[in-house]
Amino acid sequence: MAVMSLAWHSLLNRKVTACLTVLAIGLSVTLLLGVEKIRHEAKRGFISTISGTDLIVGARTGPVQLLLYSVFRIGDATNNIAWENYQHFANHKMVKWSIPFALGDSHKGYRVLGTNQAYFEHYRHGNKQRLKLAQGKRFTDLYDAVIGAEVAKKLGYQLGDKVVLAHGAGKASFVKHDNQPFQITGILAPTGTPVDQTIHVSLEAIEAIHLGWERGTPSALAKSITPDQARQLDLQPKTITAFLLGLKSKIGTFVLQREVNKFEQEPLLAIIPGVAITQLWQLIGTAEKALLVISGFVVVTGLIGMLTTILTSLSERRREMAILRSVGARPFHIFSLMISEAGLIAILGCLTGIGFLYGLMAIARPIFMELYGIHIQISFLTQHEIMLLSIVIISGFFMGIFPAWRAYKNSLTDGMTIRT
């Protein structure tokens with residue numbers, strides 16, 4: 001303890017240099033922990049996007065592509081699914097519930113999802129949390145719309161506002177369904193998932209706005225159809241984009257998945273959400289690891305800066321070492337003093353980095369939620385993060401070995417007179 005106390009006072013005697021070194025290490029530790037936090041929260045957000053669903057079924061394509069367009073609203077489906085074939089599996093003896101999805105339209109860059117009331121009953125996210133309405137009610141009329149929390153916030157929409165849907169998924173569309181506007185009847189509570197960025201309408205509404213359309217383009221009839229006329233028509237969907245299935249027993253998941261994948265009437269693909277999300281995360285895992293490696297190099301650079309600072313100060317401190325030797329300090333004490341100083345700088349750097357991290361998290365939390373939909377929880381350090389900090393501190397002590405050895409050798413040869 002006496003050596004640590006001496007090291008502390010020695011650092012105080014060179015407080016400007018010591019503070020700058022602590023700051024450099026603190027910033028590198030902030031970057032290391034920040035990357036780790038974002039990686040952890042992004043992974044948690046990915047995994048919590050959908051839960052409680054046993055199978056996702058869509059037109060035959062790759063598992064990741066099916067996951068992206070059906071759950072994350074990214075990209076488009078390769079084909080649609082016939083309504084009869086959806087009904088075949090929705091009424092299957094192993095199926096407890098099903099949710100049909102119809103995608104393909106948008107509003108100011110936000111995807112429109114056609115679905116039914118089962119979506120609000122059975123869709124789960126996070127730890128099997130169900131969707132909740134922050135305001136209003138579910139859609140009941142043909143031209144009702146329920147919007148996600150981010151849509152309402154970004155576009156400033158309130159209950160009762162009118163929205164016009166556009167054909168296609170781009171931010172700019174030249175083809176709008178402006179003869180059949182929708183009224184916002186409900187706003188969902190934030191979920192931190194793509195649901196927040198979605199406008200929900202009924203499947204029948206998707207059929208209604210595409211009345212008179214032929215091969216993806218509107219005919220003269222399409223623009224002349226009024227909402228009242230559409231309400232009088234049979235609007236049972238002919239096709240959908242994908243559907244979710246919840247089974248009565250998890251044991252039957254692989255059996256039904258195989259049955260869907262071998263379905264002869266239409267080429268379909270069934271995926272297990274957890275498996276597909278893992279595959280997707282592995283695809284982007286390389287970038288995640290690259291960020292972590294870069295952060296590690298930044299920390300190493302900070303520690304090398306500390307080593308350089310201590311080595312530079314050694315020549316100026318030879319008189320100090322000689323005085324310590326004259327009052328009874330042994331070479332081992334000099335050696336321990338230098339290592340303790342390096343360790344103290346590393347510890348202070350880590351504490352500074354933790355302080356910076358939590359300060360930045362408090363500032364960046366709403367920004368990340370708004371821009372990227374990543375909900376960052378301000379929680380205590382994880383075991384992995386504590387392990388990273390331990391490595392930094394231990395590395396700091398090791399970095400002190402070389403200047404300690406130099407100071408040890410000098411203390412054996414120096415006397416009260418400084419050699420020049």
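**Group meeting: a two-domain predicted chain**

Let me start with a single residue: C350 has 3% relative accessibility and therefore counts as buried, where buried means under 20% relative accessible area, exposed means over 50%, and partly exposed is in between, with a 1.4 Å probe and protein chains only. Before I go on, please keep in mind that this is a predicted model, in which local features need pLDDT of at least 70 and side-chain atom pairs count only at pLDDT 80 or more, while totals for chains, interfaces and linings use all residues. Residues are numbered from 1 along each chain as its sequence is written, and side-chain values use heavy atoms, with hydrogens and water left out.

Staying with C350, which cysteine sulfur is nearest to that of C350? The sulfur of C19 is the closest, but at 16 Å the two are too far apart for a bond. With a disulfide defined as a pair of cysteine sulfur atoms within 2.5 Å, the count comes to 0 disulfides.

Now the overall layout. The domain assignment, which is automatic or taken from a database, gives domain 1 as 1-46 + 285-411 and domain 2 as 55-271, and the C-alpha centres of these two domains lie 51 Å apart.

I will take domain 2 through its helix α4, residues 83-90, in which W83, N85, Y86, F89 and A90 are buried; helices (H or I, at least four residues) and strands (E, at least two) are DSSP runs, numbered from the N terminus. These buried residues cover an arc of only 160 degrees around the axis, which puts them on the same side of α4, the arc being that of the directions from the helix axis to the C-beta atoms. In general, an α-helix has 3.6 residues a turn, so residues three or four places apart point the same way. W83, Y86 and F89 also belong, with F243 and F263, to one aromatic cluster. Rings of Phe, Tyr and Trp (its six-membered ring) pair if their centres lie within 6.5 Å, and by this rule there are 10 aromatic pairs.

Two backbone angles deserve a look here. R73, in the loop between α3 (63-70) and β2 (81-82), has a positive phi of about 60 degrees although it is not a glycine. R73 is buried, at a relative accessible area of 9%, and lies over the face of F101, 5.7 Å from the ring centre; for such a contact, NZ of Lys or CZ of Arg must be within 6 Å of the ring centre and within 35 degrees of the ring normal. K108, in the loop between β3 (95-107) and β4 (110-115), likewise has a positive phi, near 55 degrees, but K108 is exposed, at 53% relative accessibility.

Turning to later parts of the chain, an unreviewed UniProt entry lists residues 290-311 and 386-405 as "transmembrane region", and such annotations may be inferred rather than shown by experiment. In the model, residues 290-311 are 100% helix and 0% strand, with end C-alpha atoms 31 Å apart, whereas residues 386-405 are 95% helix and 0% strand, with a corresponding distance of 29 Å. G396 sits in helix α14, residues 383-399, and is buried, with a relative accessible area of 0%.

Finally, in helix α12, residues 318-326, M321, A322 and L324 are buried, and because the buried residues fall within an arc of 160 degrees, they line one face of the helix. After α12 comes G328, with a positive phi near 110 degrees.

Key: Rings of Phe, Tyr and Trp (its six-membered ring) pair if their centres lie within 6.5 Å; planes under 30 degrees apart count as stacked, over 60 as edge-to-face and the rest as tilted.
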